[in-house]
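These exercises go through one protein chain step by step. Try each task on the structure before reading its solution.

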Amino acid sequence: MRKWFLILVFLLAQPTFVLAAELLLFGGSGHIEFLGCLNCNEYHGKSVWNEMSRFGFKNDYGVWNPFGSYANPFSSYAACGEFASDPPVIVEGVGNAYGRLSINEFTSGSICGVTGNEKLCRALKAMCAKK
């Protein structure tokens, strides 16, 4: 699983993303719930790569737990939901939107959509399969 996290981090470093600022994830109704930092290192307290953080993707007791709103494949807010209608948004620290963290290819702005990133989509699908 660590391999998929490293692949996702590598893909985020590609020119399609501006890494001058933190890329933050927000979800829920109105996208007001903070879900973690996508490009922070694995030791950062708010990083999705930090296993000990409540925002860590691998932490099944945090915001990404498999029965919660964001990793549960049946939730409308889930990054891991094939039919999620309102998945998390990826936002630069100053508020510029970069798209949605979602395996739903029909959601507007999805990393798995027509204008998304195929490699990033495959990495997210692999991570979701481990949930």
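**Exercise 1. Placing a proline**

Task: Find the loop that holds Pro88, decide whether Pro88 is buried or exposed, and list what Pro88 is in contact with.

Solution. The loop between β2 (33-37) and β3 is where Pro88 is found. The model is a predicted one, and in it Pro88 has a relative accessibility of 0%. Buried means under 20% relative accessible area, so Pro88 counts as buried.

Next come the contacts, leaving aside neighbours within four places in sequence. Pro88 is in contact with Phe26, Gly27, Leu35, Trp64, Tyr70, Tyr77, Ala78, Ala79, Gly99, Arg100 and Leu101. A distance completes the step: from C-alpha to C-alpha, Pro88 and Ser110 are 9.5 Å apart, with their positions 22 residues apart in sequence.

**Exercise 2. The order of helices and strands**

Task: State how many helices and strands the chain has, and in which pattern they follow along the sequence.

Solution. Counting gives two helices and four strands. Read along the sequence, their pattern is α-β-β-β-β-α.

Two totals describe the chain as a whole. Of its 131 residues, 49% are buried. The accessible surface comes to about 7,000 Å², and carbon and sulfur atoms account for 57% of that surface.

**Exercise 3. Strand pairing around β3**

Task: Work out which strands pair with β3, in what sense, and over how many bridges.

Solution. Start with β1: this strand runs antiparallel to β3, and four bridges join the two. One residue pair to look for is Leu25 with its bridge partner Ile90 in β3.

Then take strand β4 (residues 97-100). β3 and β4 also pair in the antiparallel sense, over three bridges. Here Val91 has Ala97 in β4 as its bridge partner. The hairpin of β3 and β4 has four residues between the strands, and Gly95 takes a positive phi near 110° there.

Last, check the faces of β3 (residues 89-92). Val89 and Val91 lie on one side, Ile90 and Glu92 on the other, and all of these are buried, which leaves both faces of the strand covered.

**Exercise 4. The largest nonpolar core**

Task: Give the number of residues in the largest nonpolar core, name those with the most contacts inside it, and find which helix gives the most to it.

Solution. The largest nonpolar core has 23 residues. Those with the most contacts inside it are Leu25, Leu38, Trp64, Ile90, Leu101, Ile111 and Leu124. β1 (23-27) and α2 (118-129) each supply at least two residues of this core. The helix that gives the most is α2, with five residues.

Ile111 can be followed further. Not counting residues up to four places away in sequence, Ile111 touches Ile90, Arg100, Leu101, Ser102, Gly116, Asn117, Leu120, Cys121 and Leu124. Among these, Ile90, Leu101 and Leu124 are also named above for their contacts inside the core.

**Exercise 5. The disulfides**

Task: Find how many disulfides there are, then give the handedness of each and the pairing of the cysteines.

Solution. A disulfide is a covalent bond between the sulfur atoms of two cysteines. The count comes to three.

- Cys37 and Cys40: the sulfur atoms are 2.0 Å apart. The torsion about the S-S bond of Cys37 and Cys40 is about 80°, so this disulfide is right-handed. Cys37 is buried at a relative accessible area of 1%, and Cys40 is buried at 8%.
- Cys80 and Cys128: the sulfur atoms are 2.1 Å apart. The torsion about the S-S bond of Cys80 and Cys128 is about -75°, so this disulfide is left-handed. The pair links distant parts of the chain, 48 residues apart, with Cys80 in the loop between β2 and β3 and Cys128 in helix α2. Cys80 and Cys128 are both buried.
- Cys112 and Cys121: the S to S distance is 2.0 Å. The torsion about the S-S bond of Cys112 and Cys121 is about 105°, so this disulfide is right-handed. Both of these cysteines, Cys112 and Cys121, are buried.

As a final step, number the bonded cysteines in sequence order: the pairing is then 1-2, 3-6, 4-5.

Conventions:
Residues numbered from 1 in each chain as written. Predicted model: local features only at pLDDT ≥ 70, side-chain atom pairs only at ≥ 80, totals over all residues. Heavy atoms only, no water. Buried < 20%, exposed > 50% of the residue type's maximum accessible area, 1.4 Å probe, protein only. Areas by Shrake-Rupley, 256 points an atom, 1.4 Å probe, with all protein chains shown as cover. Core = buried A, V, L, I, M, F, W, Y, C linked by side-chain atoms within 4.5 Å. Contact = heavy atoms within 4.5 Å. Pairing = 2+ DSSP bridges. Disulfide = S-S within 2.5 Å.
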